Structure formats: structure tokens, C-alpha cells
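Reader: I am new to this structure and would like to understand how its descriptions are justified. Could you take me through the reasoning behind the terms?

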Amino acid sequence: MKFTASFIALLSVVPFAAAQVAEWGQCGGIGWTGQCGTTCAAGLTCTVINSYYFQCLPGVRPLECVPPPTSSVPTSTASSPGSSPTVSGSGLNADAQAAGFKYFGSATDNNELSDTAYVNILKVPSQFGQITPANSMKWDATEPTRGQFTFTGGDQIYNFAKANGQIVRGHNCVWYNQLPSWVSNSGFNAATLTSVIQTHCSTIVSHYKGGIYAWDVVNEPFNDDGTWRTDVFYNTLGQSYVAIALNAARTADPNAKLYINEYNIEYPGAKATSLLNLVKSLKSQGTPLDGVGFQCHFIVGQVPTTLGQIMSQFVATGVEVAVTELDIRTTTPASTSALQQQQKDYQSVVSQCKATTGCVGITVWDYTDKYSWVPNTFSGQGAACPWDQNLVEKPAYQGIVAGFQ
Ligand code: XIL
């Protein structure tokens, strides 16, 4: 970590170690340099008042540990007049809400919040009404060792969203990927793995109880051929792990919408059918399930025109649906014609969702090519987001606007 001269100067006058802050004292916020989680006196909890001021207050609140800002934290994370770029048109979230959606949102990640120019766009509520942490609420981030939970990264993104009036999608409880080896290679029997899932889901969901719009409780349960993904969960518990996780999440936060999130279900085929059958069977058994997330990691020129139709099939079973991880990739460097096609593709996704009663919102898997996961995962591919590497809107932006009309 790099410290600026002014930060080091501050360190010399602010006691850093386990100093105990009394009731009503400051324990965090932009410009504050104390130590996370150890500063409030007994019986007090560090509580977010706003992004600049966290205070030690009596009682236990869900967000106990808020990371102290360092030199890498932006100077401003809350909306303030004059510090943001001009919004083209009304803004994508404003357009979404005018079209009847709950939100238009973006994924983000902790390291990105030190990029002031990036943050100045992400924090604008008329552009983004919803935030998803791309990594910091996953199992490896929240419970790297059995029973030892850490919410530092998740809280940072959660608090950022709350400071800007944005709702949060929690992502995720149970997934075969980014899963610590103490779970995947455990050899746990069914009873122990059940308890491990229940503890994990209930702890992370209850940590944010009352503050999360929706949780991706189960992520990517199926293979592309429609068979169950043979991860440690399925191999040990069969499909019952899905209900185990959903029930634990419901008990932990009865107000959060509980989702199953999946990809390659946006067109007819074995995978969409398997998930549809799972949703029907969970519903008929009374298992709590409120939504299905369509990830929508698409390729320019190959956006399925069946998205809305498939979504409607899910909505007919009694769940809501959302586009949860939208990006539309192409070979890089992107040609002018690819970017023009991408504009049409974004418009198609938005208009298909708009045409589907029960499609509540759209989340892009980060809004800028600068931080897209695509080039790291799909070799030679990228340029998948509505803003380019330099945080300039691409033709795709106008495609989204047009889709909402
Ligand atoms: C991705 C993140 O964006 C990357 O930073 C990480 O390295 C891998 O995971 N489907 C999901 C997301 O449900 O959690 C994935 O996120 C992208 C695919």
C-alpha cells in the first residue's frame, strides 16, 4: 500500500492502535484514519451515518467493521453537486425507472473504488440505482476459514451503495467457484456439509439483514447440457443443497428476494429446461424462491431474441426475473461496425426485458471496459461494456437508452 505524505503526517498525530472511541465518537468515514473494527468502546458499534462520518453508537448493528479510508480511497464517494460528469440524457437508472423497472445497476469491485473518475460515474443514482459486489461477498472472500467471517470488502461496497441511495444485490451464497478448499476438498459428510451451508448462508445474509434487495443464493447449478454441476454440494447432497441454502437465507433475512442465478439459459435448450423444472419443483414444495437471474454474458451479433420469451416462462412459475450480469463482448480491438452492432444488441436485451412483465431490473457486469472481467476470461475478447477504457460512453449507451423507450 502506498501512503501519501499527508497520510503519514496524519498517522503521527492520530493514535492508530486499539484506542477505544467513546459513545458518539468518530470511528470511520472519508478522511478518518483509525483501525477498523477495534476502536469503539465495549457495547458500542461503529455505525455508518454517512460516507464521511461513522460513529460509535450503542447496540449491535449489522455493519460492524467498516474499513478505514487510506490513501487509496477516493476523496469522495457520495454524490455531491458539481463533482460528477454530466449525465447523458436522464441517466440509465432514471430511464429504467421511467420504463417501470426497479433499477439499472452495475457490478463493481473494491479496488475500483480508489479510481475517482470511475467512482464519479458509479455514484450517480440517476445512472446506477443498484450495485452488485463482483467478488467481495463470495465464499472465499467472506469465510476463507471455517467459521471465521470477514465482511471488510463487502461492507465497503455495501456502504458505498447506501451512501449514494443505491440498492444492493448480494452475490452469492453457494457457488462451485471461488470456493475455499476447506469446503471443496473437505470430504464432509451430508450432515456436516448441510451445517456448513446453513452457517455460511445465514451468516452472510443476516449480516446485511434488511439492507439487501436480492441475494443470488445459488449460482450456476447446471452444466450447459442441462445436467447438474457435479460440485461438492451436488456430489454430497444431491439437489437438496439448493433448498438447504434457500431456507437458510429466508430465515436470515425474510425481506431479501432469494434468487437462483445462471448463464446460458437465455435461449431454449436443455439448460433452460432443467432450471425451469427446478424452479417449478421448488415452488411446488414451498421452498422459498423469489427470482431467477439471467446473467446475459453475450457476444456481439449473437444476442438471443428468445430472452424475453424464456423469461416469461420463468415468470409464469411465480418468480420475478432480472438481467444480472450483462455484458456483450467482441474481438478486440473492437471495429466500428462491431460497436454499432453492440448498440443494437444492448437495445435488444433492454427491450426484451422491458417487454417481459416480471423483469425487474438490469445490471451490467461493470459499466466500463476498464474493469471488465471479459479480457481475463475470454482470450482476445473484450470491449463488452457500455463505457470504454477511458470512461467514455460507447454507442452501446444509446442502445440502452433506446431500449427503455
Ligand atoms: C467474476 C468476476 O467479475 C471476476 O473478477 C472474478 O475473477 C471471477 O468472477 N459469473 C458470475 C460472477 O456469477 O460471479 C463472475 O464474476 C462472472 C461470471
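Reader: What makes aspartate 115 count as buried or exposed?

Author: The model is a predicted one, and in it aspartate 115 has a relative accessibility of 12%. Buried means under 20%, so aspartate 115, at 12%, counts as buried.

Reader: Why is the meeting of the side chains of aspartate 115 and lysine 370 called a salt bridge?

Author: The N to O distance between aspartate 115 and lysine 370 is 2.7 Å, and the rule asks for a lysine or arginine nitrogen within 4 Å of a carboxyl oxygen of aspartate or glutamate, so the pair is a salt bridge. The two partners come from distant parts of the chain, 255 residues apart, with aspartate 115 in the loop between β4 (103-108) and α3 (116-122) and lysine 370 in the loop between β12 (359-364) and α13 (374-377). Lysine 370 has 36% relative accessibility and therefore counts as partly exposed, since that value falls between the limits of 20% and 50%.

Reader: What makes such pairing possible in general?

Author: Side chains of opposite charge can pair when their charged atoms come close.

Reader: How do you know that arginine 250 and aspartate 290 tie together separate parts of the sequence?

Author: Their closest N and O atoms are 3.1 Å apart, and the two form a salt bridge. Arginine 250 lies in helix α9 (residues 240-252), whereas aspartate 290 lies in the loop between α10 (270-284) and β9 (291-294), so the pair ties together parts that are 40 residues apart in sequence. Arginine 250 itself, with 23% relative accessibility, is partly exposed, because buried would require a value under 20%.

Reader: Which parts of the chain does the pair of lysine 257 and glutamate 320 link?

Author: Lysine 257 and glutamate 320 form a salt bridge whose closest N and O atoms are 4.0 Å apart. Lysine 257 is in strand β8 (residues 257-262) and glutamate 320 is in strand β11 (residues 320-331), 63 residues apart. Lysine 257 is partly exposed at 30%, while glutamate 320 counts as buried at 11%.

Reader: How many salt bridges does the rule give?

Author: The count comes to seven salt bridges. Asp224, Glu262 and Lys271 are linked in a network of such bridges.

Reader: Why is the link between cysteine 353 and cysteine 359 called a disulfide?

Author: The sulfur atoms of cysteine 353 and cysteine 359 are 1.9 Å apart, and a disulfide requires sulfur atoms within 2.5 Å, so the pair qualifies. The link is left-handed, with -85° about the S-S bond, and both cysteine 353 and cysteine 359 are buried.

Reader: Why are cysteine 173 and cysteine 201 not joined in a disulfide?

Author: The sulfur of cysteine 201 is 3.7 Å from that of cysteine 173, its closest cysteine sulfur, which is too far for a bond because the limit is 2.5 Å. Cysteine 173 counts as buried at 1% relative accessibility, and cysteine 201 counts as buried at 0%. A search of the whole structure finds one disulfide.

Reader: What share of the protein chain is made up of buried residues?

Author: Buried residues make up 54% of the 405 residues in the protein chain, whose secondary structure comes to 14 helices and 13 strands. The accessible surface of the chain comes to about 15,700 Å², of which 53% belongs to carbon and sulfur atoms.

Notes:
Residues numbered from 1 in each chain as written. Predicted model: local features only at pLDDT ≥ 70, side-chain atom pairs only at ≥ 80, totals over all residues. Heavy atoms only, no water. Helix = DSSP H or I, 4+ residues; strand = E, 2+ residues; numbered from the N terminus. Buried < 20%, exposed > 50% of the residue type's maximum accessible area, 1.4 Å probe, protein only. Areas by Shrake-Rupley, 256 points an atom, 1.4 Å probe, with all protein chains shown as cover.
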